[in-house]
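Please look over the model shown below, with attention to how its parts meet and how its metal is held.

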Amino acid sequence: SAAQSAKAATKLAPTKEDYQKVYNRIAEIIDDADDYDYGSFGPVVLRLAWHASGTYDKATGTGGSNYATMRFEPEALHGANAGLRVARDLMEKVKKEFDWISYGDLWTLAGVAAVQEMAGPKVPWRPGRIDGFAAQATPDGRLPDASQGAPHIRDIFYRMGFDDQEIVALCGAHALGRCHADRSGFDGPWTFSPTTFSNDFYKLLFDEKWVWKKWGGPKQLEDKKTKSLMMLPTDYVLTQDKSFKKYAKAYADDADLFFKDFSAAFSKLLELGVPTQQFVSSEPWVMQTVDEQKS
Ligand code: ZEM
């Protein structure tokens with residue numbers, strides 16, 4: 001019948017199970033990092049998801065994760081995106097195996113997998129982003145500059161539609177990974193466990209004494225005791241600005257609160273710039289970790 005042939009000609013929409021397969025492949029690739037930073041690509045993949053989303057401008061509705069415009073120059077070459085080629089190339093392997101997924105869905109799902117596989121909170125996520133064009137790429141300067149203060153942080157994150165509490169929660173991602181002198185100019189990790197999601201970033205901010213590092217690079221702080229950890233000027237501001245400090249202290253004291261608030265803010269970040277009607281399911285999905293699927 002005509003109805004039957006119409007159905008046969010329509011590609012079946014991918015299911016949650018299909019996306020779980022993509023998640024699992026991402027998790028495998030994140031872990032296959034013997035010769036890379038701390039044996040994990042998790043942090044750099046998480047940073048890709050953040051920079052793909054954090055270009056959003058609420059006032060014009062431009063930027064955000066929808067079109068994955070970091071694939072194109074000049075956005076790929078923006079200073080803030082230095083080093084993210086590593087993560088994009090890893091995701092290209094996944095894209096070859098699952099060609100039906102959009103880049104925006106792939107990169108944001110990778111951010112979810114990175115957080116969850118590094119022992120972070122569950123991050124509700126739903127597909128629906130579509131691949132865009134180079135003309136939709138965002139201008140340089142939409143991502144935060146680590147050398148600046150509280151007014152700059154607020155300008156950048158308020159533009160995306162976040163408040164002070166969400167800003168502080170999102171910055172807790174700096175429990176993970178490190179700065180690379182050949183990427184941002186800054187150098188070193190924030191915590192002693194850079195592949196485990198935790199509230200250590202806030203704890204260290206308050207528990208350690210932070211002093212300006214004496215070196216030829218950009219202004220950054222080091223912990224007085226071991227000199228092996230770092231904070232960016234924008235990180236340190238979270239303990240200096242009265243409103244930011246209130247939330248940072250709360251997250252230092254309560255890991256569960258941080259996990260809950262990070263999950264909500266990060267889930268929101270990953271959906272910036274995606275028109276609601278594009279989302280396939282009304283309720284975001286909670287993807288399973290690799291460990292959960294074993295039991
Ligand atoms: Zn970061 N971030 N970030 N960030 N970030 C770096 C690394 C990582 C800022 C920033 O300038 C820098 C958020 C917010 C802010 C991650 C996640 C998230 C680096 C080092 C810099 C300079 C890059 C390098 O040299 O490789 C500033 C100024 C921020 C806000 C004020 C938010 C929000 C994040 C996620 C939710 C992660 C995971 C890394 C580690 C990357 C890696 O390769 O290890």
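The report below takes up the domains, their interface and the zinc site.

This is a predicted model, in which local features need pLDDT of at least 70 and side-chain atom pairs count only at pLDDT 80 or more, while totals for chains, interfaces and linings use all residues. Residues are numbered from 1 along each chain as its sequence is written, and side-chain values use heavy atoms, with hydrogens and water left out.

The domain bounds, which come from an automatic or database domain assignment, divide the protein chain as tabulated.

| Domain | Residues |
|---|---|
| domain 1 | 15-142 + 263-290 |
| domain 2 | 150-259 |

The C-alpha centres of the two domains lie 22 Å apart, and 29 residues of domain 1 are in contact (heavy atoms within 4.5 Å) with 21 residues of domain 2. About 2,100 Å² is buried between them, with carbon and sulfur atoms giving 64%; buried area here is the accessible area (1.4 Å probe) that two parts lose on being put together, summed over both. Of the area that domain 1 buries against domain 2, Tyr38, Met118 and Lys268 supply 26%, more than any other three residues.

Between the domains there is one salt bridge, a term that requires a side-chain nitrogen of Lys or Arg within 4 Å of a carboxyl oxygen of Asp or Glu. Glu166 and Lys268 form a salt bridge in which the closest N and O atoms are 3.1 Å apart.

As for the metal, His174 is the only protein donor (N, O or S within 2.8 Å of the metal, or 3.2 Å for Na, K and Ca; water is not among the atoms, so sites may look incomplete) of the ligand's zinc atom, through NE2 at 2.2 Å.
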